[in-house]
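I am opening a fresh page for the empty spaces in this protein. Come and look over my shoulder as I go through the cavities and pockets.

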Amino acid sequence: MPEWDEIRAAGIADAERTLGARADAAELRALVSRWMDATRLLNSPHPGGIAALPETVALADAFDRKGLGQLAEALRLLDQREGPIPPGSWLLASLLGSAVADSFADGLAAGERRPIEFRGLESYGAWDTFAADLVQRLRSDAVAQEGFWRVLASVVEEVCTEPERFTLPTMRTSIRATIEAYQRAPEVGEAWETKLDSYVLFDGGFLFAVALRIDAGRYLEHLGQLPHPVFAGQCVNERLCSDLPDLVREAPLAFDGTGVYLPEGMVVILLLNSCAAECRRRAWGDRATPRPVSPEDEGSLEPMRADLETFTRTVLDALFDRKDANLIGWVWLERLVYEGERSGYWRCDRQQGTGFVLDPLMILISRLSAKLEPRVDQLAWINEAQELWRVDRIAAVLAVAANKATRAALLSELIIATKPMYAGAVAAIGRRDCVVGRIGATHLLGAVEAERFIRDLWDELRPVREEAWRGNSGQARNGTAELAVLWAMCAMEMATAEIKRRLWLALRHVLESAMQTDYPSSPGGFWPAALRRLCQSTAAILTGAPADDLDILTELMRPRVRADDLFFEMVFVLQNAGVAQRLIEAAIDRWGHRLDDLATRYLAIEILRTEQGHLSRPWLKRIQLLTSPDPEISP
């Protein structure tokens, strides 16, 4: 079944073709315009229904006489809100949009702002036709255009004078206070994502959409005069597409000469938000949802990749034509890392399926980082951020440095000097598309002996790790150990052949240490999750030599051979990863245990949890499969 967007596009296109093919198109528009004036459609609703009015009946009859039966039917069913869409609704919406545009433009020429009413046909193309016809009229009518700019200026003044008018009465005092606070001390974070979004509805956004199509410079000027991002954000369309680079270049300055963020800086911030959305659309389609392809079809992604690269380059060239480019670039880079870590709309970790997929976030981060100059105040800049966000700034510094020269030592320098907390560590270790992890892994892979660097870094972090072990409940716990392991894990997964194997061995050593020292004092499930993730890569580093592979697996299992949840989770992950069952059993046998005995013991120990229903049936089934070839599960 077609999606609504497809149905809508087809309906609007059909209406355009119908009008374009008719010699009496102007007459039809005039009929609808006179009907609107006669029924005062723009001013007030009709309780009895507009379809019953004599003027409506007469217009429908006129349509019938012209052989437009579907259009007449749509007019007669204008008050209907349920049931199938009358086929003539698309044509009626187009005629109505044109009539409203003419009336609105006439009002502008007369110094009025007339109300707009589409009788419920907004979604059927009335808005589209209205905007297109209004722009065309304003471009050709200087008097109406001057009236338009006066109306837009008065709207901006109204918003600046009474911003609270656009919210609920109960919210007006607090909304005004928040807006005034932004004017006094603007924060760039409020421009990226304002907390007022759910409380303010600005009905003047369409005027700005029209303004953009008439004069982009005046559009940007008026946009920058709005008092808060919650208003400006409702006037920036994410689908500006080809206009975006020029708008980014010409938007008001976001920072003054001393590096202080300005209130009108919201304009370029909002435009960059739109650029990011457009990157996702070009990589993943109109729904901005990753669509993995099979290895054989990887070449089918190349046109999207090329389009994405071209758009990204054009936007960045425009951005770096600005005087404040480096300051904005660093702010944008930090935001992209933040979004990649915490916002689902950049996710491309195969949750939508298996196969190859474009990663627009890492492409954008890489190209932006390559244009930025390194910060001379990088440590001070990182520490200026709240503790929760310092990890984002660390990643930003590393991303820019990676484009100049990868330097593994920078990893230890930054995390030892800043001791960042990492609240997202548990989520990050479970994701293959973690931005912070992949950026750090690039530096780690640049080390001469990456596996030695990992071991040395782990030892170097011991004093900082101990601070985390002893941390008081009222203090933020530093996440240096988790960051180091995340970087190493991502590096190991990105590496190939012998380097991958060496990194895996180094990680096994680190995790064995961490499970004894860091795990007991660590909240959440980071360390067990890291161990499970390491197991997922085990099959990829086995050589096929029975003795060597058995040695590797024996050392992996040695610290965990006991009848507990984590041990069996490791066993199941290894099985799922393709490690042979006989190899797993042989590794356990080396430590004087049998897998089936451990499974039997586990079931006996956990009988209480089993009876209380805390263990799921699929989990019990897998454990019981280890104890006998044909297990039975009691209800």
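**Entry 1: the second largest pocket.** I began with a note on who builds its wall: α10 makes the largest contribution to the lining of the second largest pocket, with seven residues. Before going further, I reminded myself that this is a predicted model. I then looked up which elements give at least two residues to this lining, and found α6 (126-140) and α10 (205-214). The second largest pocket holds about 590 Å³ of space. I counted 22 lining residues in the record of this pocket, and A131, A209, V210, R213 and N237 are the ones nearest its centre. By class, I wrote down 13 nonpolar, three polar and six charged residues for this lining.

**Entry 2: the largest pocket.** How much space lies in the largest pocket? My page says about 920 Å³. Its lining has 24 residues, and V188, G189, W192, E334 and R393 are the closest to its centre. Four helices appear in my list of elements that give two or more residues here: α9 (188-192), α16 (325-342), α18 (378-384) and α19 (390-402). Which element gives the largest share of this lining? I found that α16 does, with six residues. Sorting the lining of the largest pocket by class, I got twelve nonpolar, three polar and nine charged residues.

**Entry 3: the cavities.** Next I turned to the closed spaces. How many cavities of 30 Å³ or more are there? I noted two.

The largest cavity has a volume of about 40 Å³. I looked up its lining and found L444, I454, L457, W458, A484, V485, A488 and V510. Two elements each give two or more residues to that lining, namely α23 (450-460) and α25 (480-494). I sorted these lining residues too: eight are nonpolar, with no polar and no charged residues.

The second largest cavity has about 30 Å³ of space. Around this cavity I found G340, W346, C348, D359, L361, R431, D433, V435 and R438. Its lining has four nonpolar, one polar and four charged residues.

**Entry 4: a look back.** I put the two cavity linings side by side before closing the page. No charged residue lines the largest cavity, whereas the lining of the second largest cavity has four charged residues. For anyone new here, I would start by finding W458 in the wall of the largest cavity, and then W346 in the wall of the second largest cavity.

Key:
Residues numbered from 1 in each chain as written. Predicted model: local features only at pLDDT ≥ 70, side-chain atom pairs only at ≥ 80, totals over all residues. Heavy atoms only, no water. 1 Å grid on protein atoms, 1.4 Å probe; cavity = no way out; pocket = protein on both sides within 12 Å on 5 of 7 lines; lining within 4 Å. Points joined across faces, edges and corners; volume = space filled by probe spheres on them. Nonpolar A, V, L, I, M, F, W, Y, C, P; charged D, E, K, R; others polar.
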